[in-house]
Amino acid sequence: MSKAKIPASLGGIEFDCTISRERTYEADVPEYPVEGGFTVSDAILKKPLGLEVVVFVTNMPVTWAKIHAGSNRVKTVSDALVNLYLSGKPVSFVTPDKVYENMAITKLSLPEEDYANAIEIALSLKQVTVTSANTIVVSSYNYSGGSSDSAGSSSTKEEGSTTKKKSILSSLLGWLFK
């Protein structure tokens, strides 16, 4: 096993070590009853990736002491994780061997005991599926198939070459009963 080059982190909050990490792949297979008492399935609905992680934080880390030593680090990291949970923003979970993008904290377990120098934190993470919307601009047409530039008004020539504007309703009724 090679030496870790970077500490594990969640949204930039670094931990001394990761005690355990378990991936969860889950799917639903909907069932529909049919005649004869049988059920049929016609789809597999994959759920987002889940991670169960237990991390360890100390005030006096052995591995990352040069960058993390401090007398108040346990409280600082605990508070930062609570704020990250409350923000509801997806972040990256980085380990020495893998990066999990768009992860949201679904459960954060902090012990109530007042640990002065170390704390073990349990995290449940779920990957957020990020989608984007495409917008298509459709120009509107009036009833005669013209472009929207002339939509909403209609004019006709009457005797004497004068132009008289009609309402949309009267124009529509005139068009329907030609």
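This report describes the fold, the salt bridges and selected surface features of a predicted model.

## Overall composition

The predicted chain contains 178 residues, of which 23% are buried. Its secondary structure consists of three helices and 13 strands. The accessible surface of the chain amounts to about 13100 Å², and carbon and sulfur atoms account for 54% of that area.

Contacts across the sequence can also be described by separation. When contacts between residues at least 6 apart in sequence are considered, 57% of them join residues at least 24 apart.

## The seven-stranded sheet

Seven strands make up an open sheet with antiparallel pairing, and their order is β2-β1-β9-β10-β11-β8-β3. At the edges stand β2 and β3, each of which pairs on one side only.

Strand β1, covering residues 9-10, is antiparallel to β2 and is joined to β2 by two bridges. Within this pairing, S9 is placed opposite E14 of β2. The loop that follows β2 (13-14) and leads to β3 (17-24) contains D16, a residue taken up again below.

## The buried pair R73 and D16

The model holds five salt bridges. One of them is formed by R73 and D16, whose closest N and O atoms are 2.4 Å apart. This pair connects distant parts of the chain: R73 belongs to helix α2 (residues 73-87), D16 belongs to the loop between β2 and β3, and the two are 57 residues apart. The side chains of D16 and R73 are also listed as a polar contact, at 2.4 Å.

Are the two partners buried or exposed? R73 has a relative accessible area of 8% and is therefore buried. D16 is likewise buried, because its relative accessible area is 9%, and the cut-off for a buried residue is under 20%. In general terms, side chains of opposite charge can pair when their charged atoms come close.

## The pair R21 and D97

A further salt bridge is formed by R21 and D97, with 3.1 Å between the closest N and O atoms. R21 is part of strand β3, while D97 is in the loop between β9 (91-94) and β10 (99-109), so this salt bridge ties together parts of the chain that are 76 residues apart in sequence.

The accessibility of each partner can be stated in turn. R21 is partly exposed, at a relative accessible area of 33%. D97 is exposed, at a relative accessible area of 59%.

## The network of E26, D28 and K47

K47 and D28 form a salt bridge in which the closest N and O atoms are 3.8 Å apart. Distant parts of the chain are linked by this pair: K47 is in the loop between β7 (45-46) and β8 (50-58), D28 is in strand β4, and 19 residues separate them. Through salt bridges that share partners, E26, D28 and K47 are joined into one network.

K47 has a relative accessibility of 33% and so counts as partly exposed. D28 is also partly exposed, with a relative accessible area of 35%.

## The region around E31

Where is E31 placed? This residue lies in the loop between β4 (27-28) and β5. E31 is exposed, because its relative accessible area is 55% and the cut-off for an exposed residue is over 50%.

If neighbours within four places in sequence are set aside, the contacts of E31 are T39, V40 and S41. The C-alpha atoms of E31 and S41 are 4.8 Å apart in space, although ten residues separate the two in sequence.

## A nonpolar surface patch

Which residues form the nonpolar patch on the surface? The patch consists of Y32, V34, F38 and V40, and together these residues have about 390 Å² of accessible area. V40 is also one of the residues in contact with E31.

Within the patch, F38 is located in the loop between β5 (32-33) and β6 (39-40). F38 has a relative accessible area of 58% and is therefore exposed.

Conventions: Residues are numbered from 1 along each chain as its sequence is written. This is a predicted model: local features need pLDDT of at least 70, side-chain atom pairs count only at pLDDT 80 or more; totals for chains, interfaces and linings use all residues. Side-chain values use heavy atoms; hydrogens and water are left out. Patches are made of residues with over 30% relative accessible area and no salt bridge: like charges are joined within 9 Å, nonpolar side chains (Val, Leu, Ile, Met, Phe, Trp, Tyr) within 5 Å. Accessible areas come from the Shrake-Rupley method with a 1.4 Å probe; for residues, only the protein chains shown count as cover. A salt bridge is a side-chain nitrogen of Lys or Arg within 4 Å of a carboxyl oxygen of Asp or Glu. Helices (H or I, at least four residues) and strands (E, at least two) are DSSP runs, numbered from the N terminus. Buried means under 20% relative accessible area, exposed over 50%, partly exposed in between (1.4 Å probe, protein chains only). A polar contact is a pair of N or O atoms within 3.5 Å; within protein, one must be able to donate a hydrogen and the other to accept it, and residues adjacent in sequence count only if both atoms are side-chain atoms. Contact means heavy atoms within 4.5 Å. Two strands pair if DSSP finds at least two bridges between them.
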